[in-house]
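Work through the exercises below with the sequence and the 3D structure open beside you. Try each task before reading its solution.

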Amino acid sequence: MSLSDIRNRIAAEEERAGRPRGSTGLIAVSKVQPNDRVEEVLEQGHRIFGENRVQEAASKWPEFRSKYDGVELHLLGPLQTNKTRQAVELFDYFHTLDRLKLAKRIAAIRDELGRCPKLFIQVNTGKEDQKAGVLPEETDSFIAACQKLDLPVIGLMCIPPVDEDPSVHFALLRKLAERNGLPELSMGMSGDFEQAIAQGATYVRVGSAIFGERVPTKA
Ligand SMILES: *Cc1c(COP(=O)(O)O)cnc(C)c1O
C-alpha cells in the first residue's frame with residue numbers, strides 16, 4: 001500500500017457512501033516508524049499526522065515542522081495528566097480525552113498558554129476493561145462537563161474490540177455524537193477505515209497500511 005492507494009480507497013468509499021469527496025480527513029499514523037518513511041510521506045505533500053506518545057512526538061516533530069509548513073499533529077494515545085502541558089504545546093488535536101481530571105488540567109493550561117488543541121472524547125464502545133475511554137452511558141454527561149469548562153470538544157473517537165464487527169461500534173459512536181451535536185468522528189484504522197467512512201467517519205487513522213508494519217523487519 002502507499003499513500004495514494006489509501007487516498008484512492010477513501011475517495012471510492014466516500015462515493016459509495018454518497019458522501020462529498022474529501023470529507024474524510026486522513027491521519028497518517030507515524031508512531032514507531034523510521035524517520036525516512038515519515039519524510040517520504042511529507043515529501044508527497046501529506047500534512048496530517050498522528051502519534052501515540054508525547055515523548056516520541058517531541059523527539060521528531062519539531063524538526064519535521066521546521067522543514068515542512070502546515071503540519072497538523074494529532075495525539076492518538078492515552079495522555080497522562082503530568083504530560084498535558086507538553087502535549088498542549090505540541091499537538092493540534094487530542095483524540096483521547098477520557099476523564100474529568102484531564103479535562104480540568106487541559107482547561108487550566110489553556111487559560112495559562114492561551115492555546116488549546118481541538119478535542120475528541122474517547123468512548124469505550126465495547127466496554128473493554130483494558131481500554132481507555134468513557135462508557136457509552138457516561139458520554140452525554142462527560143461532554144456536558146467538558147463544555148462547562150469551555151473546552152473545544154469537536155467530536156468522539158473509538159477503537160472497536162478486535163473480535164467484533166466494527167460497524168456496530170462506529171454506528172454507536174455516530175449516534176452519541178449526533179445527539180450531542182458534535183460534528184466530528186475519529187474512527188477507522190488500517191483494517192476497517194472503509195467501514196468507518198460508510199458510518200460517517202470524518203477522520204480515519206491509518207498507520208501500517210501507509211507506512212508498512214511497525215515491527216522492525218531487519219533480516
Ligand atoms: C496505532 C493506531 C492507529 C493506526 O493503526 P493501524 O492499524 O496501523 O492503521 C490508529 N489509531 C490509534 C489510536 C492507534 O493507536
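The exercises that follow deal with a predicted model.

**Exercise 1. The largest pocket**

Find out what volume the largest pocket has, which residues lie nearest its centre, and how its lining divides by residue type.

Solution. Rolling a probe the size of a water molecule over the atoms shows where empty space is left. Begin with the volume, which for the largest pocket is about 320 Å³. Next turn to the lining, which is made up of 20 residues, and pick out those that lie nearest the centre of the pocket, namely Lys-31, Asn-52, Ile-159, Met-189 and Arg-205. Finally sort the lining residues by type, which gives seven nonpolar, nine polar and four charged residues.

**Exercise 2. Two packed helices**

Describe how helix α2 and helix α3 pack, and name the residues through which they meet.

Solution. Two packed helices are described by the angle between their axes and the distance between the axes. Locate α2 at residues 35-43 and α3 at residues 54-67; the angle at which they pack is about 35 degrees, and their axes are 12 Å apart. The crossing in which α2 passes α3 is right-handed. Now look at the contact itself, where α2 contributes Asn-35, Val-38, Glu-39 and Leu-42, while α3 contributes Lys-60, Trp-61, Phe-64 and Lys-67. Sorted by type, the residues of this contact comprise four nonpolar, one polar and three charged.

**Exercise 3. Positive phi angles**

Determine where Lys-127 and Asp-150 lie, and decide for each whether it is buried, partly exposed or exposed.

Solution. Most residues other than glycine have a negative phi, and most peptide bonds are trans. Lys-127 is not a glycine, and yet its phi is positive, at about 50 degrees. Its place is the loop that runs between β5 (118-122) and α6 (139-148). Because its relative accessibility is 49%, Lys-127 counts as partly exposed. Asp-150 is likewise not a glycine, and its phi is positive at about 65 degrees. Asp-150 sits in the loop between α6 and β6 (153-157). Since its relative accessible area is 62%, Asp-150 is exposed.

**Exercise 4. Surroundings of three residues**

For Ser-167, Gly-212 and Cys-116, work out the location, the exposure and the contacts, leaving aside residues up to four places away in sequence.

Solution. Start with Ser-167, which belongs to helix α7, residues 166-179. Its relative accessibility of 19% falls under 20%, so Ser-167 counts as buried. Beyond its sequence neighbours up to four places away, Ser-167 touches Gln-195 and Gln-199.

Go on to Gly-212, which is found in the segment after α9 (208-211). Because its relative accessibility is 27%, Gly-212 counts as partly exposed. With residues up to four places away in sequence left out, Gly-212 touches Gln-33, Arg-37 and Gly-207. For a distance, take Gly-200, which is twelve residues from Gly-212 in sequence and lies 26 Å away in space, C-alpha to C-alpha.

End with Cys-116, placed in the loop between α5 (100-113) and β5. A relative accessible area of 24% is the reason why Cys-116 is partly exposed. Apart from residues up to four places away in sequence, Cys-116 touches Ile-106, Arg-110, Leu-151 and Pro-152. Leu-3 is 113 residues from Cys-116 in sequence, and the two are 29 Å apart in space, C-alpha to C-alpha.

How values were computed
Residues numbered from 1 in each chain as written. Predicted model: local features only at pLDDT ≥ 70, side-chain atom pairs only at ≥ 80, totals over all residues. Heavy atoms only, no water. 1 Å grid on protein atoms, 1.4 Å probe; cavity = no way out; pocket = protein on both sides within 12 Å on 5 of 7 lines; lining within 4 Å. Points joined across faces, edges and corners; volume = space filled by probe spheres on them. Nonpolar A, V, L, I, M, F, W, Y, C, P; charged D, E, K, R; others polar. Helix = DSSP H or I, 4+ residues; strand = E, 2+ residues; numbered from the N terminus. Buried < 20%, exposed > 50% of the residue type's maximum accessible area, 1.4 Å probe, protein only. Contact = heavy atoms within 4.5 Å. Axes fitted to C-alpha atoms, helices over the stretch in contact; angles between N-to-C directions. Left-handed = near helix turned anticlockwise from the far one by under 90°.
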